[in-house]
Amino acid sequence: MLLQQEREEIVVFGRKLISSNLTTGSGGNLSIFNRHLGYIAIKPTGVDYFLMKPEDVVVIDPEGKIVDGKLKPSSEVSLHLGLLKARQDIHAVVHTHQVYATTLACLNWEIPAVHYLVGFSGNKVPLAPYATYGTPELAENIVRSIGQYNACLMANHGIVTVGADLNAAFNVAEELELVARLYYQTKCIGEPKILSDQEMEVVTKKFATYGQPVSLP
Ligand SMILES: [Zn+2]
């Protein structure tokens with residue numbers, strides 16, 4: 001089976017999205033780019049994560065043409081392709097509607113450095129302007145707004161995270177849900193103190209690889 005390992009990873013991490021409360025039902029989507037073979041494995045649209053099998057995962061080329069698989073790719077295929085083509089340093093993309101990050105996205109806020117774990121993204125999580133889901137315009141907005149960050153909020157929609165591999169992109173999504181929740185909760189009872197760009201530079205240097213600090217203090 002073409003991209004067997006990547007397809008199996010998408011099944012495993014899809015289930016982790018549910019068990020980690022980062023998505024519900026068949027929401028959210030994941031992709032992995034095998035740059036050596038030039039093909040992308042992406043979640044099929046509207047398939048339950050616990051019923052999804054590796055052969056259900058769709059393999060497409062960088063233009064979005066189906067190379068292997070019987071199902072239709074995720075409705076956000078243009079967002080995944082846009083990021084994977086624009087960022088040569090990444091190999092995986094995760095998109096979710098995780099509740100706290102999406103709450104802030106619905107306010108059209110960015111997430112500042114309220115906690116050092118925002119370093120999984122950079123010195124903040126930027127916000128991409130709204131566009132209808134699944135459109136090339138949304139993909140363009142995100143590619144422009146994410147720059148070299150590892151995550152980007154999508155106005156009135158959700159969040160997208162990227163990484164050197166799927167584990168890294170998943171970790172970014174999971175850690176930023178905690179940061180988003182802390183930002184929400186601190187704003188409920190006061191005004192959080194934001195870490196300086198200088199301090200965040202120190203932190204992001206310590207996060208030597210994408211989203212994989214060896215041990216968190
Ligand atoms: Zn979405």
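**Zinc site, aromatic contacts and backbone details in a predicted model**

Leu 3 turns up in the segment before α1 (4–19). The model is a predicted one, and Leu 3 makes a handy starting point for its backbone. The phi angle of Leu 3 is near 50°, a positive value in a residue other than glycine. With a relative accessibility of 5%, Leu 3 counts as buried, because the cut-off for that label is under 20% relative accessible area.

A second positive phi shows up at Asn 21, which has a value of about 60° although it is not a glycine. Asn 21 belongs to the loop between α1 and β1 (29–34). Its setting is a solvent-facing one by the numbers: at 63% relative accessibility, Asn 21 counts as exposed, whereas Leu 3 counts as buried at 5%. As for where Asn 21 sits relative to Ser 78, the two are 57 residues apart along the chain, and 25 Å separates their C-alpha atoms.

Next comes the metal. Which residues coordinate the zinc ion? Three histidines do the job, each through NE2: His 95, His 97 and His 157, at 2.0 to 2.1 Å. Along the chain, the donors of the zinc ion follow the spacing H-x1-H-x59-H. His 95 has its place in strand β5 (residues 92–96). Is His 95 buried or exposed? His 95 comes out as buried, at 1% relative accessibility. His 97, on the other hand, is partly exposed, its relative accessible area being 40%; that value falls in between the 20% and 50% cut-offs, so neither of the outer labels applies.

The surroundings of His 95 can be spelled out further. Leaving aside residues up to four places away in sequence, His 95 touches Gly 28, Asn 29, Glu 76, His 80, Met 154, His 157, Ile 159 and Val 160. One of these partners, His 157, also has its side chain joined to that of His 95 by a polar contact of 3.1 Å. His 95 and His 157 are thus linked in two ways, as zinc ligands and through this side-chain contact.

On to the rings: the structure holds five aromatic pairs. One of them, between Tyr 116 and Phe 207, is edge-to-face, at 6.3 Å centre to centre and with 70° between the planes. Why does this pair tie together parts that are 91 residues apart in sequence? Tyr 116 lies in the loop between α3 (99–106) and β6 (127–128), while Phe 207 lies in the segment after α6 (197–206), so the pair bridges those two parts. On accessibility, Tyr 116 is partly exposed at 24% relative accessible area, whereas Phe 207 is buried at 10%. Phe 120 joins in as well, with ring pairs linking Tyr 116, Phe 120 and Phe 207 into a cluster.

Another ring takes part in a contact with a charge. The charged end of Lys 43 sits over the ring of Tyr 49, at 5.1 Å from its centre. Lys 43 and Gly 163 are 120 residues apart in sequence, yet 17 Å apart in space, C-alpha to C-alpha. Gly 163 is found in strand β8 (residues 158–163), and it is buried, with a relative accessible area of 0%.

Finally, helix α5. This helix covers residues 166–189, and its 24 residues should span 34 Å at 1.5 Å a residue. The C-alpha atoms at its ends are 35 Å apart, which agrees with that expectation. The N-terminal end of α5 is capped by Asp 165, with a side-chain oxygen 3.3 Å from the backbone nitrogen of Asn 167.

Methods
Residues numbered from 1 in each chain as written. Predicted model: local features only at pLDDT ≥ 70, side-chain atom pairs only at ≥ 80, totals over all residues. Heavy atoms only, no water. Helix = DSSP H or I, 4+ residues; strand = E, 2+ residues; numbered from the N terminus. Expected span 1.5 Å × (residues − 1). Polar contact = N/O pair within 3.5 Å; in protein donor to acceptor, adjacent residues only side chain to side chain. Donors = N, O, S within 2.8 Å, 3.2 Å for Na, K, Ca; no water. Buried < 20%, exposed > 50% of the residue type's maximum accessible area, 1.4 Å probe, protein only. Phe/Tyr/Trp six-rings, centres within 6.5 Å; stacked < 30°, edge-to-face > 60°. Lys NZ or Arg CZ within 6 Å of the ring centre and 35° of its normal. Contact = heavy atoms within 4.5 Å.
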